[in-house]
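Visitor: Hello! I am new to protein structures, and I would like a close look at a single part of this one. Could you take me through it slowly?

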Amino acid sequence: MTNLFSGSLGISLRTGDPVLEEFTARFPATFILTMTAMALALVAGISIGVLSAMRPHSPVDKFGNFIASMGTSIPSFWLALLLILVFSIHLDILPSFGYGGIQHLILPTLALGFLQISRILRITRESMLDVLSEDYVFEAYAKGLSEREVVVRHAFRNASVPVVTQAGLDIGTLLGGTAIIEQIFGWPGIGNFLLASVMSRDYPVIAGFVLLIALIFVIVNILVDILYVYIDPRMKPGGNIHE
């Protein structure tokens with residue numbers, strides 16, 4: 001415990017280097033992949049979810065339901081292999097292996113973020129449907145506000161709390177769950193290194209990496225809790241949830 005609080009997580013049995021140095025050397029690659037996948041999930045999931053809620057049972061809504069169903073049904077490793085087969089082998093337009101420019105980031109981002117797209121899409125749609133049925137939304141329309149103003153300024157802000165909650169959980173999940181995707185695409189991140197450490201029984205690396213990922217997960221969720229106050233001021237201490 002003394003070593004832990006002084007920043008020492010032990011020495012890797014496989015490489016002979018400090019565990020913290022191994023982590024910091026590989027974390028940027030995993031962070032880039034995770035944040036790119038999360039950004040894709042937020043943009044695609046929120047956009048399709050809002051449009052689906054605004055036009056229930058429309059072609060857009062049916063497309064959103066299809067994406068949500070596929071995202072929760074297709075394993076990420078199978079999707080990764082399918083993307084490699086189509087875009088790298090048959091079309092030969094994107095690399096299937098390595099770490100470098102943007103072109104190396106596209107396929108692993110799609111494979112890693114597809115599940116998160118489906119989750120955020122589904123939550124956004126359900127939350128928006130609930131908010132759009134509230135009285136104040138009809139009052140906003142009655143005052144002559146445009147649909148864009150009602151959706152962006154009023155409805156989505158109140159509907160975004162569960163979306164932010166899911167995004168915070170997904171960031172922690174992505175950071176700790178990139179091992180298979182990194183292995184498939186040869187991405188030099190912490191997941192790939194952790195998987196190799198498990199196979200070689202490098203216990204100091206396993207314990208240290210799990211501890212650090214758990215710490216990051218806790219920090220992300222604390223930041224999400226703080227963000228709630230800026231989304232909905234009624235959540236401030238002493239705020240009136242009914243006003």
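Which residues does Leu-110 touch, not counting residues up to four places away in sequence?

Guide: Happy to help! Leaving out residues up to four places away in sequence, Leu-110 touches Leu-40, Leu-79 and Leu-83. Please keep in mind that we are looking at a predicted model.

Let's place Leu-110 in the whole before zooming in. The protein has 10 helices and zero strands, and reading along the sequence gives the pattern α-α-α-α-α-α-α-α-α-α. Its C-alpha trace spans about 70 × 55 × 30 Å along the principal axes. Of its 243 residues, 40% count as buried. Contacts with a separation of 6 or more are a good thing to look at here: 74% of them join residues 24 or more positions apart. As for the outside, the accessible surface comes to about 13,400 Å², with 67% of that area belonging to carbon and sulfur atoms. The protein also carries 14 positive and 18 negative charges, and the mean positions of these two groups are 3 Å apart.

Now back to your residue. Leu-110 sits in helix H5, which covers residues 102-132. With a relative accessible area of 33%, Leu-110 is partly exposed, because that value falls between the 20% limit for buried and the 50% limit for exposed. To get a feel for distance along this helix, find Thr-124: Leu-110 and Thr-124 are 14 residues apart in sequence, and their C-alpha atoms are 20 Å apart in space.

A little background may help as you trace a helix by eye. An α-helix has 3.6 residues a turn, so residues three or four places apart point the same way.

Next, move along to Ile-117, which also lies in H5. Ile-117 has 9% relative accessibility, so this residue counts as buried. Setting aside residues up to four places away in sequence, Ile-117 touches Leu-40, Ala-41, Ala-44, Gly-45 and Ile-67. You have met Leu-40 already, as one of the residues that Leu-110 touches. Although Ile-117 and Leu-42 are 75 residues apart along the chain, their C-alpha atoms are separated by 6.9 Å.

One more stop in H5 is Ser-127. At 11% relative accessibility, Ser-127 counts as buried. Apart from its neighbours within four places in sequence, Ser-127 is in contact with Ala-159 and Pro-162.

Those contacts bring us to another helix, H7, which covers residues 147-176. On the way there, Tyr-136 in helix H6 (residues 135-142) deserves a glance. Tyr-136 is partly exposed, at 30% relative accessibility. Leaving aside its neighbours within four places in sequence, Tyr-136 is in contact with Val-131, His-154 and Asn-158. Its C-alpha atom is separated by 9.7 Å from that of Val-150, which lies 14 residues away along the chain. You can set this beside the pair in H5, Leu-110 and Thr-124, with their 14 residues in sequence and 20 Å in space.

H7 has a partner to look at, too. Two packed helices are described by the angle between their axes and the distance between the axes. The axes of H7 and H10 (residues 203-231) come within 9 Å and cross at roughly 170 degrees. H7 and H10 are therefore roughly antiparallel to each other. Residues making this contact include Arg-157, Ser-160, Val-161 and Val-164 of H7, and Ile-213, Ile-216, Phe-217 and Val-220 of H10.

Helix H9 (residues 190-199) belongs in this picture as well: its residues Ile-190, Gly-191, Asn-192, Phe-193 and Ser-197 are buried. The buried residues of H9 pack against H2 (19-54), H7, H8 (179-185) and H10.

Let's finish in the loops. Arg-201 is in the loop between H9 and H10 and has a phi near 55 degrees, a positive value in a residue other than glycine. Most residues other than glycine have a negative phi. At 59% relative accessibility, Arg-201 counts as exposed. Asp-92 also has a phi near 55 degrees, and is found in the loop between H4 (76-90) and H5. At 61% relative accessibility, Asp-92 counts as exposed. That loop leads us back to H5, where Leu-110 has its place.

Note on methods:
Residues numbered from 1 in each chain as written. Predicted model: local features only at pLDDT ≥ 70, side-chain atom pairs only at ≥ 80, totals over all residues. Heavy atoms only, no water. Helix = DSSP H or I, 4+ residues; strand = E, 2+ residues; numbered from the N terminus. Buried < 20%, exposed > 50% of the residue type's maximum accessible area, 1.4 Å probe, protein only. Contact = heavy atoms within 4.5 Å. Areas by Shrake-Rupley, 256 points an atom, 1.4 Å probe, with all protein chains shown as cover. Lys, Arg positive; Asp, Glu negative; His and termini not counted. Charge placed at Lys NZ, Arg CZ, Asp CG, Glu CD. Axes fitted to C-alpha atoms, helices over the stretch in contact; angles between N-to-C directions. Parallel < 35°, antiparallel > 145°, perpendicular 65-115°, else oblique.
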